[in-house]
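Here are my notes on the helix packing and the sheet, set out as numbered points for you to check against the coordinates.

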Amino acid sequence: MENTKRILALFDFDGTLIKGDSVITYLRTARRLRALSGGEFLKACLAAVKYKMGKMTEEAAKARALSFRQHMQADRRIAMDAFFASDELIPRVFPEGRARLEYHRQQGHLVLLVSASTSNYMNIVASMLPVDGLLCTQISDDGKVGKNCKGEEKIRRIQAYLQEQGLKADFENSYAYGDSKSDLPMLRLCGHPTLVNPKAALKKAAGDMPMVQWKEKQKGK
């Protein structure tokens, strides 16, 4: 394959292109659709608490939170994931974020979503946005969760993607967008990092990186 040097535009998803955590919203949606029982929802919340306390890895916590999917009929599971992506997430994408995605595509940059969220719905989200590729946490139909695509793992996944595609990156002229401290390795990888609605820990650690505030589309507009 041709070894082409490309300018990248790397976008985190949760907190960057949308407000909040999509996994939590996914669980709430599953509960509303009666795919997730009250007991399972509480167990998922407990797994999140154990992760925060350092008693469970993030992969294990995600696997526990999403384990209810194993007991669903395949067609219902697929339909729920499609509904969640198209009806719950895509409408919440910040207009400024979508505009930046489109801008980078028009400039001929290689636009990648790099997200810790899981592939069951992120594959659908990526197909509905102007992006060239998706790097995210993989989940199988039997509920096995792969390596969490977060922090330094994002760098490893980006490098692996470039190698698989036979590409070289012009990181000095590339762009990255993130909202949390775990995005800092990806932000530092690129010559043009941007903090989007940054959390306090990121603002403190990022020094003088440029910052923007993106807002959700107002209802009725």
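1. At what angle do helix α4 and helix α6 pack, and how far apart are their axes? In this predicted model, helix α4 (residues 74-89) and helix α6 (residues 119-127) pack at an angle of about 50°, and their axes lie 8 Å apart. The two helices are therefore oblique to each other, and their crossing is right-handed.

2. As to the residues that make this contact, α4 contributes D81, A82, F84, A85 and L89, while α6 contributes N120, Y121, I124 and V125. By class, the residues of the contact of α4 with α6 comprise seven nonpolar, one polar and one charged.

3. Turning to the sheet, the model has an open sheet of six strands in the order β4-β3-β2-β6-β7-β8, with parallel pairing. The edges are taken by β4 (133-137) and β8 (211-212), each of which has a single partner strand, so one side of each is left without a neighbour in the sheet.

4. At the β8 edge, strand β7 (residues 192-196) is joined to β8 by two bridges, and these two strands run parallel. In the bridge that involves V196, the partner in β8 is V212.

5. Helix α6 also packs on the sheet, where it touches β3 (110-118) and β4, and the direction of α6 makes about 155° with that of β3. Helix α6 is thus a point to inspect from two sides, given its contact with α4 through residues including Y121 and I124 and its contact with the strands β3 and β4.

Definitions and conventions
Residues are numbered from 1 along each chain as its sequence is written. This is a predicted model: local features need pLDDT of at least 70, side-chain atom pairs count only at pLDDT 80 or more; totals for chains, interfaces and linings use all residues. Side-chain values use heavy atoms; hydrogens and water are left out. Axes are lines fitted to C-alpha atoms, for helices over the stretch in contact, and angles run from 0 to 180 degrees between N-to-C directions. Helices (H or I, at least four residues) and strands (E, at least two) are DSSP runs, numbered from the N terminus. Angles under 35 degrees count as roughly parallel, over 145 as roughly antiparallel, 65 to 115 as roughly perpendicular and the rest as oblique. A crossing is left-handed if the near helix is turned anticlockwise from the far one by less than a right angle, and right-handed if clockwise. Contact means heavy atoms within 4.5 Å. Ala, Val, Leu, Ile, Met, Phe, Trp, Tyr, Cys and Pro count as nonpolar, Asp, Glu, Lys and Arg as charged, and the others, Gly among them, as polar. Two strands pair if DSSP finds at least two bridges between them.
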